[in-house]
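Hi,

Here is the structure I promised to pass on. Have a look at it first, and then read on for what turned up.

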Amino acid sequence: MDTRPVILVAVNTDDKRATLAAELERRYGADYRITSTVGSGVDALSAASSDAQEVALVLSDELQLIGVAPGTFVQAHRLFRDARRCAVVEWRAWSSEAASRSIWTALAAGDIDYYVVLPRRSPDEYFHRTITEFLLEWARDTTPPPAPAAAIDARVPSRAELAREKGLTTALPASTVDLAIVGGGPSGLAAAVYAASEGLDTLVIERGAVGGQAGSSSLIRNYLGFARGVSGVDLADRAYQQAWVFGAHFAHTREVVGMSIESDGFQLDVAPELAGAGRESVSARSVVLATGVTYRRLPIPDLERYVGSSVFYGASSVEARAQAGRTVHVVGGGNSAGQAALHLARYAAQVSLIVRGATLAESMSKYLIEQLDAAGVTVIVESRVVGGGGDASGRLDHIVLRNRVSGRDATVPSHALFITIGAAPHTDWVPPEALRDKWGFVLTGPDIVAEGGRRAWPYDRLPAPLETSVPGLFAVGDVRRGSVKRVASAVGEGSVAISSVHEFLHDDLARR
């Protein structure tokens, strides 16, 4: 049997079918089986499912049949949850109000992932750019990660060993760097790109995977320049590569646990790579805090035993795919929770979003609210999780919800719980000279003088907008008090901070 993944074409005329099939066969025929039909693709999808074949991509023009239910796309979603579904449209179709509305409606409902314009020449590279992006996304979601090398197979590998296995650097530089960035999320990566591109000797220290909290976002739809949206993993990988090409150095899987303020800059204390070894340190003339936040844990003892198996903080694509046919709940009312619920709805039989407030409109983008409604996600308002339990296999099978208004409890079936609530900053290690609020968020710019007065900032100049109460120490992204909790905002802060870093370093040299 042919084991190549299937690319299915189901269009309403033979001319379209022939054009698409020929263009796809020339470019992808060696690795994918190109199947084409005139009319509905429902039967072809059913046959592929019966033969246990994989379907990577479905191309159909059935959205042009206004008022007709998209059977091909619905069947593709039902049988092949990872398959990408792409509407085929004619050139300039968007000039028609009816055609445009059908695309918008299908996107909002989750019936399609995007659209592609019918090839107008051969080769049509604009057409292939969309197709290859779809195939890359499908491969990323369905290809298991490679096994570790034999050298570390014999024992449980450390995070540093896994990082080096992937070709990532973990070592700290011996010489003083111009700028140390603590944290490799969107704000830290943006700072690294701008600092390194402008000639600063830049080091990024990241204790986990680059991308931070945004790395767990399945799809960021409102990030500028990505019309189809971009996954948090993809955005982080692109930013990391960009910073690396400009010359930024990375110390992966390394955690900063302390910092001292020196006469010539800062010394960062870094936890050892191996247990039992002594701490290491690195010197920097300036520092950007981009440590972000982590989701707050629910203080519910009944759920602790299920963390990692059926209770999760955040929602990665791997965990989402494991929920096929299950009933799952997401806790949280922000965009991260909405994105997680929308991604889970691609696989799970039923997804419910639990929010403390009376409406989502207070904390979630309008486009996400509309997509959640179209995807059939249930929103449970004015409620919180207060308990839960599992079956004999050790997996969660129910949770207990308490209505905040009535105070009544309700037990509901649930096979998995994804928690994306609140945020706790990573600032326990930051020296006391850096002013923070009672929750640990770092104060910057005018807030320092407004709350701490001249005692907090006894210098002739005013603090830079993203500078902390320690000159040369800056804070960007979610760790900063008053930050806007959006990826684009974090990227903007990371880039803007570098102009202030330059000014500080210039003035510092002048003082010497």
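**Where α4 meets α12**

Let's start with one helix pair: Leu107, Ala108 and Ala109 of α4 are in contact with Glu370, Gln371 and Ala374 of α12. Sorted by class, that contact has four nonpolar residues, one polar and one charged. Before going further, please keep in mind that this is a predicted model.

Two packed helices are described by the angle between their axes and the distance between the axes. For α4 (residues 97-109) and α12 (residues 366-374), the axes come within 7 Å and cross at roughly 75°. An angle of 65 to 115 degrees counts as roughly perpendicular, so α4 is roughly perpendicular to α12.

**The whole chain**

Stepping back, the protein chain holds 14 helices and 22 strands. Its C-alpha trace spans about 75 × 60 × 55 Å along the principal axes. The radius of gyration is 26 Å, which agrees with the value near 24 Å that a compact globule of 512 residues would have.

**A second helix pair**

How do α2 and α3 cross? The axes of α2 (residues 42-50) and α3 (residues 71-79) come within 9 Å, with a crossing of roughly 15°. Angles under 35 degrees count as roughly parallel, and therefore α2 and α3 are roughly parallel to each other. Their crossing is right-handed.

On the α2 side, the residues that take part are Val42, Leu45, Ser46 and Ser49, and they meet Gly71, Thr72, Gln75, Ala76 and Leu79 of α3. By class, this contact has four nonpolar and five polar residues, with no charged ones.

**The sheet with β1 to β5**

Now for the strands. One open sheet has five of them, in the order β2-β1-β3-β4-β5, and the pairing is parallel. At the edges stand β2 (33-38) and β5 (114-117); each has a single partner strand, so one side of each is left without a neighbour in the sheet. From one strand to the next, the twist averages 25°.

If you want to look at one pairing up close, try β4 (residues 84-89) with β5: the two run parallel and are joined by four bridges. Within this pair, Val88 has Val116 in β5 as its bridge partner.

There's a helix to go with this sheet as well. Helix α5 (residues 125-142) lies across β1 (6-11), β3 (55-60), β4 and β5. Its direction is at about 145° to β3.

**The sheet with β13 to β16 and β20**

Which strands make up the other open sheet I looked at? Five strands form it in the order β13-β20-β14-β15-β16, with parallel pairing. Its edge strands are β13 (311-313) and β16 (378-380), each of which pairs on one side only. Neighbouring strands here are turned by 20° against each other on average, direction ignored.

Inside this sheet, β14 (residues 327-331) pairs with β20 (residues 416-419) in the parallel sense over four bridges. You'll find His329 opposite Leu417 in β20.

A helix packs on this sheet too: α11 (residues 335-344) touches β14, β15 (350-354) and β20. The direction of α11 makes about 170° with that of β14.

That's what I have for now. Happy to go through any of it with you.

Cheers

Conventions. Residues are numbered from 1 along each chain as its sequence is written. This is a predicted model: local features need pLDDT of at least 70, side-chain atom pairs count only at pLDDT 80 or more; totals for chains, interfaces and linings use all residues. Side-chain values use heavy atoms; hydrogens and water are left out. Axes are lines fitted to C-alpha atoms, for helices over the stretch in contact, and angles run from 0 to 180 degrees between N-to-C directions. Angles under 35 degrees count as roughly parallel, over 145 as roughly antiparallel, 65 to 115 as roughly perpendicular and the rest as oblique. A crossing is left-handed if the near helix is turned anticlockwise from the far one by less than a right angle, and right-handed if clockwise. Contact means heavy atoms within 4.5 Å. Ala, Val, Leu, Ile, Met, Phe, Trp, Tyr, Cys and Pro count as nonpolar, Asp, Glu, Lys and Arg as charged, and the others, Gly among them, as polar. Two strands pair if DSSP finds at least two bridges between them. The radius of gyration is taken over C-alpha atoms; the globule rule is 2.2 Å times the number of residues to the power 0.38.
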